[in-house]
Amino acid sequence: MLRHCWQKSSFSAQGDACLYLTALASGVIGLQESDAPEAILTTTPAKLRTLISHIQTDAFNR
């Protein structure tokens with residue numbers, strides 16, 4: 001089984017509830033929540049940048 005180097009998010013509002021990221025094959029980004037490590041979401045770097053930008057600008061609350 002291929003092991004990935006997961007990096008913990010630098011911000012966690014609830015202490016142990018953390019988000020982890022890793023680089024997967026073909027430039028895809030894997031996302032994993034500490035509460036459900038068996039569930040891995042995948043996205044592209046461009047889509048992740050867009051999501052983070054929207055979160056930072058609070059675009060979801062408009």
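No disulfides turn up in a search of the whole structure. The model is a predicted one. A disulfide is a covalent bond between the sulfur atoms of two cysteines. Two cysteines can still be placed by their accessibility. C5 is exposed because its relative accessibility is 70%, over the 50% cut-off. C18 is buried because its relative accessible area is 5%, under the 20% cut-off.

**The sheet**

Four strands make up an open sheet, with antiparallel pairing. Their order is β1-β2-β3-β4. Which strands sit at the edges? They are β1, residues 7–8, and β4, residues 36–43. Each of these two pairs on one side only.

Strand β2 covers residues 19–23, and β3 covers residues 29–33. The two run antiparallel and are joined by five bridges. Within this pairing, L21 has L31 of β3 as its bridge partner. L19 stands opposite E33, also in β3. The hairpin of β2 and β3 has five residues between the strands. In that hairpin, S26 takes a positive phi near 60 degrees.

On to the next pair. β3 and β4 are antiparallel too, with five bridges. Here I29 has T43 of β4 as its bridge partner. These strands also form a hairpin, with two residues between them.

How covered is β3? Mostly: four of its five residues are buried.

**Two strand residues, two cysteines**

The table sets out accessibility for four residues.

| Residue | Relative accessibility | State |
|---|---|---|
| C5 | 70% | exposed |
| C18 | 5% | buried |
| T22 | 6% | buried |
| L41 | 59% | exposed |

T22 belongs to strand β2. Is T22 buried or exposed? It is buried, because its relative accessibility of 6% falls under 20%. The T22 side chain reaches the backbone oxygen of C5 at 3.0 Å. So the exposed residue C5 offers a backbone atom to the buried residue T22. Beyond neighbours within four places in sequence, T22 is in contact with H4, C5, W6, V28, I29 and G30.

L41 lies in strand β4. At 59% relative accessible area, L41 is exposed, because that value is over 50%. What does L41 touch? Leaving out residues up to four places away in sequence, L41 touches I29, G30 and L31. The C-alpha atoms of L41 and G30 are 5.7 Å apart. Along the chain, these two residues are 11 residues apart. I29 and G30 appear in the contacts of T22 and in those of L41.

In a regular strand the side chains alternate between the two faces of the sheet.

**The largest pocket**

How much space lies in the largest pocket? About 530 Å³. The pocket is lined by 18 residues. Closest to its centre are S9, L19, L21, L31 and L48. The bridge partners L21 and L31 are thus both among the residues closest to the centre.

Which elements give two or more residues to the lining? They are β1, β2, β3, β4 and α1, the last spanning residues 45–56. The largest share comes from α1, with five residues.

Note on methods
Residues are numbered from 1 along each chain as its sequence is written. This is a predicted model: local features need pLDDT of at least 70, side-chain atom pairs count only at pLDDT 80 or more; totals for chains, interfaces and linings use all residues. Side-chain values use heavy atoms; hydrogens and water are left out. Two strands pair if DSSP finds at least two bridges between them. A disulfide is a pair of cysteine sulfur atoms within 2.5 Å. Buried means under 20% relative accessible area, exposed over 50%, partly exposed in between (1.4 Å probe, protein chains only). A polar contact is a pair of N or O atoms within 3.5 Å; within protein, one must be able to donate a hydrogen and the other to accept it, and residues adjacent in sequence count only if both atoms are side-chain atoms. Contact means heavy atoms within 4.5 Å. On a 1 Å grid over the protein atoms alone, a cavity is a set of points where a 1.4 Å probe fits but cannot get out, and a pocket is an open set with protein on both sides within 12 Å along at least five of seven lines; lining residues have an atom within 4 Å of a point. Grid points are joined across faces, edges and corners, and a volume is the space filled by probe spheres set on the points.
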